[in-house]
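Colleague: Hi, do you have a minute to walk me through this one? I'd like to get a feel for the fold before lunch.
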Amino acid sequence: MIFKPVILTLNKNSELKWLGHLWFKGLFDGEHKFKLIDNKNGTVNFEQSENFNGILVKFFSKSLDKNTKKGFERMNKELKLRAKKG
């Protein structure tokens, strides 16, 4: 799916949140959030989440549970590898 998201929150080095719609609002909406949490010991935790809403969500629920989760996990693993190299 292709979204043209609108940024809802942008806090440097801590949070990015956007909202995207498939074609128009209310059909299939996805609010995606990335958050960095400072552990105060030189490390951070990375949180990624997405909430879906809209009348088409029920038709995509199996794909979202399976494919979207796998995509998040792949991204998180790659991000961790890059952070360790950096």
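**Strands, helix and pocket**

Modeller: Happy to, and let me start with one pair: Ile7 stands opposite Trp18 in strand 2. Bear in mind throughout that this is a predicted model.

Colleague: Good to know. How many bridges are there between strand 1 and strand 2?

Modeller: Strand 1 and strand 2 pair over 5 bridges, in the antiparallel sense. Their hairpin has 3 residues between the strands, and Asn13 takes a positive phi near 65° there.

Colleague: Is Asn13 buried or exposed?

Modeller: Asn13 has a relative accessible area of 64%, over the 50% cut-off, so this loop residue is exposed.

Colleague: And which other residue, not a glycine, has a positive phi near 65°?

Modeller: Lys40 has one: its phi is near 65°, and Lys40 is not a glycine. You'll find Lys40 in the loop between strand 3 and strand 4. Lys40 is exposed too, with a relative accessible area of 72%.

Colleague: Let's zoom out. What pattern does the chain follow along the sequence?

Modeller: The pattern is β-β-β-β-α, with 4 strands and 1 helix in the chain.

Colleague: In what order do the strands sit in the sheet?

Modeller: The order is 1-2-3-4, in an open sheet with antiparallel pairing. Strand 1 and strand 4 have a single partner strand each, so they stand at the edges and one side of each is left without a neighbour in the sheet. On average, neighbouring strands of this sheet are turned by 10° against each other, if you ignore direction.

Colleague: How many bridges join strand 2 to strand 3?

Modeller: There are 7 bridges between strand 2 and strand 3, and the two run antiparallel. If you want a pair to look at, Leu19 stands opposite Glu31 in strand 3.

Colleague: Now the helix. Which strands does helix 1 touch?

Modeller: Helix 1 packs on the sheet and touches strand 3 and strand 4. The direction of helix 1 makes about 165° with that of strand 4.

Colleague: Can you give me a residue on the helix to click on?

Modeller: Try Glu73, which is found in helix 1. Glu73 has a relative accessibility of 39%, so it counts as partly exposed. For a distance to check, the C-alpha atoms of Glu73 and Gln48 are separated by 9.6 Å, with the two residues 25 apart along the chain.

Colleague: Back to the sheet for a second. Where is Thr9?

Modeller: Thr9 is in strand 1, which covers residues 6–11.

Colleague: Why does Thr9 count as buried?

Modeller: Because its relative accessibility is 19%, and the cut-off for buried is under 20%.

Colleague: Which residues does Thr9 touch, not counting those up to four places away in sequence?

Modeller: Thr9 touches Glu15, Leu16 and Lys17.

Colleague: What share of the chain is buried overall?

Modeller: Of the 86 residues, 17% count as buried. As for dimensions, the C-alpha trace spans about 45 × 25 × 20 Å along its principal axes.

Colleague: How about contacts across the sequence?

Modeller: Take the contacts between residues at least 6 apart in sequence: 25% of those join residues at least 24 apart.

Colleague: Okay, pockets. What volume does the largest pocket have?

Modeller: The largest pocket comes out at about 290 Å³. It is lined by 15 residues, and the closest to its centre are Leu36, Val44, Asn45, Phe46 and Leu79.

Colleague: Which elements each supply at least two residues of that lining?

Modeller: Those are strand 2 (15–21), strand 3 (29–38), strand 4 (44–53) and helix 1 (57–85). The largest share comes from helix 1, with 5 residues.

Colleague: And how does the lining split by class?

Modeller: The lining of the largest pocket has 7 nonpolar residues, along with 4 polar and 4 charged ones.

Colleague: Great, that gives me plenty to look at. Can you leave me with a quick recap?

Modeller: Sure. Keep in mind an open antiparallel sheet in the order 1-2-3-4, and helix 1 packing on that sheet through strand 3 and strand 4. Then look at the largest pocket, where helix 1 supplies the largest share of the lining.

Conventions. Residues are numbered from 1 along each chain as its sequence is written. This is a predicted model: local features need pLDDT of at least 70, side-chain atom pairs count only at pLDDT 80 or more; totals for chains, interfaces and linings use all residues. Side-chain values use heavy atoms; hydrogens and water are left out. On a 1 Å grid over the protein atoms alone, a cavity is a set of points where a 1.4 Å probe fits but cannot get out, and a pocket is an open set with protein on both sides within 12 Å along at least five of seven lines; lining residues have an atom within 4 Å of a point. Grid points are joined across faces, edges and corners, and a volume is the space filled by probe spheres set on the points. Ala, Val, Leu, Ile, Met, Phe, Trp, Tyr, Cys and Pro count as nonpolar, Asp, Glu, Lys and Arg as charged, and the others, Gly among them, as polar. Buried means under 20% relative accessible area, exposed over 50%, partly exposed in between (1.4 Å probe, protein chains only). Contact means heavy atoms within 4.5 Å. Two strands pair if DSSP finds at least two bridges between them. Axes are lines fitted to C-alpha atoms, for helices over the stretch in contact, and angles run from 0 to 180 degrees between N-to-C directions.
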